[in-house]
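Thank you all for coming; I would like to walk you through one chain this morning, starting from a single residue and working outwards. Please have a look at it first.

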Amino acid sequence: MSGLHIPIGTPDGSRTEHAENLLAPNPSAMTLDGTNTWVIGGDEVVVIDPGPEDESHLRRVRDHLGERRVTEILLTHGHFDHSGGARRFAEMVGAPVRALDPRHRLGEEGLADGDVVSVAGLEIHVYGTPGHSFDSLCFWLPQDRAMLTGDTVLGRGTTIIARDGGLADYLRSLDRLRAAAEGLEARALLPGHGPVLPDPIAALDGYIAHRRQRLDQIRAARAPGARTPREIVKIVYADVDRSLWAAAEMSVVAQLDYLDRL
């Protein structure tokens, strides 16, 4: 890999040798700067996560590609901020949409752990990483030694465990990514939101430690009598902006479910 290009102040335009990010204009507390749409390839490309159903963004991606042909559209998972624009973008460029969840596919082929997608002499290896959602996938780009992580690992902060995910799966997925990052000598994580992470081991170690710390904090909050997710959020997430408490509550529900199954 010839190196990372990480723009100052925004992940838009971040790139490795064969991957480039075009940022969707949907910033929020949940999506950070917006959804990262990754373009992989050369004369032919694969587009990962077209983003929400935003015509201006989809046209920008199409126009940016110029004469390059989109062979396939891949989804890291089916949440709307990643997949909402997939059908419209597929119409624009005449390419199929591949996803783990059949509901989000356009065409005959899905995606599953162990699959390898080829484009312009490059390989994209599919890793099943459930947890944030049941259908979460990550994509390893060996030529750049980079892992595209969707919402499994964000470029800033930590991800939530959505209602269609699960913490036990998520912890296993983080452990798997940590082992892969070490074994494959990964040089970058390319997230679905936020900036590129140029130190994969440190980022994944931080994620794993954070999850274990939160579980310890929830155990401590329950000891004196906190029981409901909202009661626990008020204690454990007291330093988090209240606008994020609803999302925190989702993660607490997942953590309580995990603890109750131990």
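Let me begin with Ala120, which counts as partly exposed because its relative accessibility is 44%, where partly exposed lies between buried, under 20% relative accessible area, and exposed, over 50%, with a 1.4 Å probe and protein chains only. Ala120 sits in the loop between β6 (116-119) and β7 (122-128), and its phi is near 50°, a positive value in a residue other than glycine. Most residues other than glycine have a negative phi.

Before going further, I should say that this is a predicted model, in which local features need pLDDT of at least 70 and side-chain atom pairs count only at pLDDT 80 or more, while totals for chains, interfaces and linings use all residues. Residues are numbered from 1 along each chain as its sequence is written, and side-chain values use heavy atoms, with hydrogens and water left out.

Arg145 also has a positive phi, near 50°, and this residue is found in the loop between β8 and β9; with a relative accessible area of 24%, Arg145 is partly exposed.

Stepping back, the chain has seven helices and ten strands, which are DSSP runs numbered from the N terminus, helices being H or I of at least four residues and strands E of at least two. Of its 262 residues, 53% count as buried.

What, then, do we find in the largest nonpolar core? That core has 37 residues, of which Met147 and Val153 touch the most other members, and the elements giving it two or more residues are β8 (137-141), α4, α5 (200-222), α6 (229-236) and α7 (245-261). By a nonpolar core I mean a set of buried Ala, Val, Leu, Ile, Met, Phe, Trp, Tyr and Cys residues joined through side-chain atoms within 4.5 Å. Apart from it lies another core, of 20 residues, among them Ile48, Ala146, Leu148 and Ala188.

Leaving aside residues up to four places away in sequence, the contacts of Met147 include Tyr127, Phe139, Trp140 and Leu190, a contact being heavy atoms within 4.5 Å.

Finally, consider Thr152, placed in the loop between β9 (146-150) and α4 (167-183): is it buried or exposed? Thr152 counts as buried, because its relative accessibility is 0%, and, again not counting residues up to four places away in sequence, Thr152 touches residues including Thr129, Ser136, Tyr170 and Tyr207.
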